[in-house]
Amino acid sequence: MDKRDSNDRMQDIISLCKRRGYIFPSSEIYGGINAVFDYGPLGVEFKNNVKRDWWDTMTRMRDDMVGLDASILMARRVWQASGHEDVFTDPMVDCTNCKGRFRADQVEEMSGDPEVCPTCGKRGTLTAPRQFNLMFKTYMGPIEEDAGLVYLRPETAQGIYVNFENVQQSMRRKLPFGIAQIGKAFRNEISPGNFTYRMREFEQMEMQFFIAPESEEQWFDYWRERRFQWYLDLGMKREHLTFHPHGPEELAHYARAAVDVYYEFPFGPREIEGIHDRTDFDLRRHIEFSGKDLSYFDDATQRRYVPFIIETSAGADRTSLAFLCDAYDEEVVEGEKRVVLRLSKKLAPVKAAVMPLSRKEPLVNLAHAVHNSIRGLGLTQYDDTGGNIGKRYRRQDEIGTPYCITVDFQSLEDQQVTIRERDSMAQRRVAIAELPAILAADLAS
Ligand SMILES: [Zn+2]
C-alpha cells in the first residue's frame, strides 16, 4: 500500500470501530482526551477474547505456569529498584515561542529540520534536551507530600518479581516455572498516537519465566517461537509478522538478548510483543533494595542461585488492534462493496446472530426459541430490525460475526433454519433441533 492508501485504510478501521461499537474516544462529549480510548460493547468482548486466549494458552494449557493479579499501586522503592525512577525517561525539548513540547528524537521527523519547531515553525526556539520521566505520579494519603508519592505502574512485570517468593513457596513450585499476568499500565508518553497503538493507559499481557542461569538461551529460543506461533494460531497472516532482534545499542539496560514481534500495521511495521532475556538483573536488584534473599535452592543439583528470567511482554491493546487490522477486508459482491472483519472465530465478539425474516407472530416466537437454544455458545445477537436480510448480513459481516441464522416462514413448517457463513457467504439448511450441536462444532473448527 502506498502512504495515502494506508492512511485511508487506517481511517476506515477507526471509523468502523466507532460506528459499530468497538472503540470510542474517551470523554468524547467533552471533546475527548488525547490518546485515551474506551472499548465499546463489542470491543470489550473482543479484547476479552484476546486476553482469554492468551491466558488459557499461557496458564490453563500448561503445567509450568501460574497466574497473578498484582496491584497497580506499589511501594515507591519498587521503581527505584527497577531503575524506572532514574532511567525511564525520554529526552524532551520545549519551544520557547509556542510552549510546544516534543521528544527530541522526533523533531526532525515532524518538522523536517532538527532546529525547527514542529508546531509554530520557528527556527532556533527549541531548548536543549532535558530528561522527562514517563511515570504518572499520584499521592497516597490525605496530604500531597513527597513521603506519600506513588506511581501508577508503568509495567506489570515488577508485580511479578516482588511476588516471586510468595508464589514459588505458596504453590510449591520448582524451577523452571512462569508467572503470567494481565493488567493495566500507564506511561505519560510525549507522542502517543496511531489510535490504540500507543496510549497513555494500556493493558499488558506479561509472563516472566524463572529458570536456571545456564538454560537462558534454550528458554529464550523456546519462548520466541511459542509466542510467534500464538499469533498464527489465531489466524494472523504470516506475511504480516516479522521478528526484529535488538542490536547491542537497542538493548534495554536489563536485557542480554531481546527480540520483538512486529506486525505490519497500515501505518507501518510496529512492535506488538517483546521477548527478553533479563538475566538475574531484576531479582538481584530487588535483593539489593529490599534486603530479602530471593535466591532459589535447587534440590536436584544441591545448588543455590538467583533465578534468570525470560520475559514475554505483549500489549493487549496493540495485539487487539493488530488482529482488527489483519481481519479488515473489503470486497465487491454483486456490484456492491462488502466490508468484512475476517476475525478468527475464537476472537469474534458475536458468535452468531439470529434473524427472523419478519417481526410478526408466530415467527418471532420460533426465532426467540432458536436464539435461546444457542446462547450457551458465546455472545449472540437477536436482530429483528426488519428490512432487507442482506443489509442485516452486511452489518454482521462488519463486526465479524461468523454465522447468521435466518428464521423464515418455511421454518414454521419444516423446523429448519438457514445458516449463512461470513467468509464464503455460503448458506445451508439445518434442523433447528441440531443447530446448537452443529454451531458448536463449527465454532470449534
Ligand atoms: Zn514553537
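**Packing of helices and a mixed sheet in a predicted model**

In this predicted model, helix H2 (41-60) meets helix H10 (residues 316-327) through Phe46, Lys47, Val50 and Lys51 on the side of H2, and through Ala316, Thr319, Ser320 and Phe323 on the side of H10. The residues of this contact divide into 4 nonpolar, 2 polar and 2 charged. Two packed helices are described by the angle between their axes and by the distance between those axes. For H2 and H10 the angle is about 110°, and the axes lie 10 Å apart. Since angles from 65 to 115 degrees count as roughly perpendicular, the two helices H2 and H10 are therefore roughly perpendicular to each other.

Helix H10 was also examined by itself. At 1.5 Å a residue, its 12 residues should span 16 Å, and this agrees with the end C-alpha atoms, which are 16 Å apart. Of the 12 residues of H10, 12 are buried, so the helix is largely enclosed by the rest of the structure. Among these buried residues are Ala316, Thr319, Ser320 and Phe323, which were named above in the contact with H2, and the buried set also includes the charged residues Asp317, Arg318 and Asp326.

In helix H12 (residues 389-399), the buried residues are Arg392, Tyr393, Gln396, Asp397 and Ile399. The elements that cover them include helix H2, together with strand E18 (336-341), strand E19 (352-356), strand E21 (403-407) and strand E22 (416-421). Helix H2 thus appears both in the cover of the buried residues of H12 and in the packing with H10. After H12 comes Gly400, whose phi is positive, near 90°.

Strands E19, E21 and E22 also belong to an open sheet of 5 strands, in which the order is E20-E19-E21-E22-E23 and the pairing is mixed. The edges of this sheet are formed by strand E20 (380-382) and strand E23 (427-431), each of which pairs on one side only. On average, and with direction ignored, neighbouring strands of the sheet are turned by 25° against each other. Within the sheet, E19 and E21 pair in the parallel sense over 5 bridges, and the bridge partner of Pro356 is Val407 in E21. Helix H11 (residues 363-374) packs on the sheet, where it touches E19, E20, E21 and E22, and its direction makes about 170° with that of E19.

Two cis peptide bonds were found in loops of the model. One joins Glu361 and Pro362, with omega about -5°, and Pro362 is placed in the loop between E19 and H11. Another joins Leu175 and Pro176, again with omega about -5°, and Pro176 is placed in the loop between helix H7 (164-170) and strand E9 (177-186).

Positive phi values also occur in residues other than glycine, including Asn194 and Glu334. Phi of Asn194 is near 55°, and this residue is found in the loop between E9 and strand E10 (201-211). With 18 other C-beta atoms within 10 Å, Asn194 is partly exposed. Glu334 has a phi of about 50° and is found in the loop between strand E17 (328-333) and E18. With 6 other C-beta atoms within 10 Å, Glu334 is exposed, because a residue counts as exposed if 12 or fewer such atoms lie within that distance.

Key:
Residues are numbered from 1 along each chain as its sequence is written. This is a predicted model: local features need pLDDT of at least 70, side-chain atom pairs count only at pLDDT 80 or more; totals for chains, interfaces and linings use all residues. A residue is buried if 20 or more other C-beta atoms lie within 10 Å of its own, exposed if 12 or fewer, and partly exposed in between; C-beta atoms are placed from the backbone. Helices (H or I, at least four residues) and strands (E, at least two) are DSSP runs, numbered from the N terminus. Two residues are in contact if their C-beta atoms, placed from the backbone, lie within 7 Å. Axes are lines fitted to C-alpha atoms, for helices over the stretch in contact, and angles run from 0 to 180 degrees between N-to-C directions. Angles under 35 degrees count as roughly parallel, over 145 as roughly antiparallel, 65 to 115 as roughly perpendicular and the rest as oblique. Two strands pair if DSSP finds at least two bridges between them. The expected span of a helix is 1.5 Å times one less than its number of residues.
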